[in-house]
Amino acid sequence: MDVIFQAFGLVATWNVVLTVLAASIFGLIVGAIPGLTATMATAMLVPLTFFMEPVAAVGAMVACSAMAIFAGDIPGALLRIPGTPASAAYVEDTYRLTQNGRGELGLGACVLFSALGGLFGTLVLIFAAPSLAEFAMKFSSQEYFWMALLGLTCAVFMGTSSPARGLLSLFIGLTIASVGLNNPAGVPRLTFGSTEMLAGIDFIPVMIGIFAISEVLRTVLSGGGGVEQAPKTVGNIFRDWGYMLKTFWRQSIRGNITGTAIGILPGAGADVAAYVSYAVSRRFSKTPEKYGDGHVEGVIEAGAANNASLSSAWVPALVFGIPGDTITAIVIGVLYVKGMNPGPTLFLFNPQTIYAVFLIFILANLIMIPLGWGLIKFSKNILRVSKQVLMPLILIFCIVGAFASNNAVYGVTIMLIFGIVGYLMEENGIPIAPCVLGIVIGPILEKNLISTLIKSQGDFLAFVNRPVAFAIFVLFCAIWVSIIYSWMRPKPVAA
């Protein structure tokens, strides 16, 4: 108990509280701007942490990343432009809810279940960090290979209305992910002689192009946006909380567990957690045909998962010094600078500091509700702005975000090209989500495939000769058998 009281003393100081509050607001602003990711927001804070106390520095990172992941949901719901990659998993549903005059339902779900997911992941971090990290350390390239294949299977779930088009979108994403030198062999692929393409195609300009620029193109080609009559307001986001908690509590718990499990795996992160949870939600839903048309069920499960994974990603980071995602990779550097070397000794020699970090996790997820409400009240004014004015402003933000991804005009060019690609895909009924998922998971799949084959000297039995890998393989096969069976079984004839 003395350690906990000492931790409270470290957190309950004016400089720590103000730092967490300022970092939270900064994270909300950056996360709400398309193209400026949670990782970018965290990285931008690093120079400032050199002038902070250790607890305040880590607290700023925690609060900023949590707010940025949530804030990406807001432009997705209002403009169909996800602010962060994690928000792209369920952007169709939140945007359709807004278009149908139920924006408060989608945004309310994002605020509530993001906060609950973050709190769940924090509790797991507090009570089970050492044992969960030990389990995660048992994962090798075989297990990650099958996990990546499971993630790609989500593309089939997302495209169940037309599996062929869903797979086509997935292959487009995998092709994009294979460009450049960033492959195990270091061989230039699909570069067409361009030196800039040797570095590959960055995910951020692609995402901005597919979602934001395609929307700008659609508005321009439809005559300036005067045809679509979007609602001009968003109601009380707290109104449906009781209904959602009562009706979708199972989905919330499942999203929390899925996000936490994925978060503790090094290299997975909130993006993968959101896509996997959305696919799982759709697979087990009683009304899967409603997904993508303004259904809040998938939003709840995926929104809970991405923030739960954000907290649980700290498990391997704190216990073993192995980053769970790109954000914790940045934070590990800050921990070393502040003399808080991650590892088991951190829990032995600085327990009060660790508990202080845990308390900041809880504080950040609690203040997400009032700060998120304030940002939504401010942001919903966007719906009152004429699209003739709004679209040029969006285009400016998109250009800034694409340029900032690699500080080169190359990013802007990629954004424009994939804006056209995204527009053509949607005009021909090809879903966007599988393409995005292929870009995210493709490199993970290839890296672990080649690593396993190198270690086993080409023996394919190595993929299933470990207990955990074999269990995931069996699960993967069972899922595909159920998918194929659902495609082949006779459909009931309407009377």
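**Close-up 1. Two cysteines away from the surface.** Cys64 is buried, with a relative accessible area of 0%. Cys435 is buried too, its relative accessible area being 1%. As you look at these residues, keep in mind that this is a predicted model. The structure holds 0 disulfides, so no pair of cysteine sulfur atoms lies within 2.5 Å.

**Close-up 2. A salt bridge between Glu104 and Arg239.** A search of the whole structure finds 5 salt bridges, and this view shows one of them, formed by Glu104 and Arg239. The closest N and O atoms of the pair are 2.6 Å apart. Find Glu104 in helix 7, which covers residues 103–136, and then look for Arg239 in the loop between helix 10 (203–221) and helix 11 (241–247). The two residues are 135 residues apart in sequence, so their salt bridge ties together parts of the chain that are separated in this way. Which of the two words, buried or exposed, fits Glu104? Glu104 counts as buried, at 8% relative accessibility. Arg239, on the other hand, counts as exposed, with 54% relative accessibility.

**Close-up 3. Glu143 meets Arg466.** Here the side chains of Glu143 and Arg466 come together in a salt bridge, with an N to O distance of 2.8 Å. This pair links distant parts of the chain, for the two residues are 323 residues apart. Glu143 belongs to helix 8 (residues 141–158), while Arg466 sits in the loop between helix 21 (433–455) and helix 22 (467–488). Glu143 is buried, with a relative accessible area of 1%. Its partner Arg466 is partly exposed, at 28%.

**Close-up 4. Glu446 and Arg189 form another salt bridge.** What is the distance between the closest N and O atoms of Glu446 and Arg189? They are 2.6 Å apart. Glu446 is in helix 21, and Arg189 is in the loop between helix 9 (163–177) and helix 10. With their positions 257 residues apart in the chain, this pair also links distant parts. Glu446 is partly exposed, having a relative accessible area of 22%. Arg189 is partly exposed as well, with a value of 24%.

**Close-up 5. An enclosed space and the residues around it.** Rolling a probe the size of a water molecule over the atoms shows where empty space is left. In this model the count comes to 1 cavity of 30 Å³ or more. The largest cavity holds about 50 Å³ of space. Which residues line the largest cavity? They are Val62, Ser65, Ala66, Gly118, Asn307, Leu310, Ser311, Phe361 and Asn365. Two or more lining residues come from each of helix 4 (54–71), helix 14 (296–312) and helix 18 (351–379). If you sort the lining by type, you get 4 nonpolar residues, 5 polar ones and no charged ones.

**Close-up 6. Thr258 and its contacts.** Our last stop is Thr258, found in helix 12, which covers residues 249–263. Thr258 has a relative accessible area of 17%. The cut-off for buried is under 20%, so Thr258 is buried. Which residues is Thr258 in contact with, leaving aside its neighbours within four places in sequence? Look for Val276 and Ser277 in this view.

How values were computed: Residues are numbered from 1 along each chain as its sequence is written. This is a predicted model: local features need pLDDT of at least 70, side-chain atom pairs count only at pLDDT 80 or more; totals for chains, interfaces and linings use all residues. Side-chain values use heavy atoms; hydrogens and water are left out. Buried means under 20% relative accessible area, exposed over 50%, partly exposed in between (1.4 Å probe, protein chains only). A salt bridge is a side-chain nitrogen of Lys or Arg within 4 Å of a carboxyl oxygen of Asp or Glu. Helices (H or I, at least four residues) and strands (E, at least two) are DSSP runs, numbered from the N terminus. On a 1 Å grid over the protein atoms alone, a cavity is a set of points where a 1.4 Å probe fits but cannot get out, and a pocket is an open set with protein on both sides within 12 Å along at least five of seven lines; lining residues have an atom within 4 Å of a point. Grid points are joined across faces, edges and corners, and a volume is the space filled by probe spheres set on the points. Ala, Val, Leu, Ile, Met, Phe, Trp, Tyr, Cys and Pro count as nonpolar, Asp, Glu, Lys and Arg as charged, and the others, Gly among them, as polar. Contact means heavy atoms within 4.5 Å.
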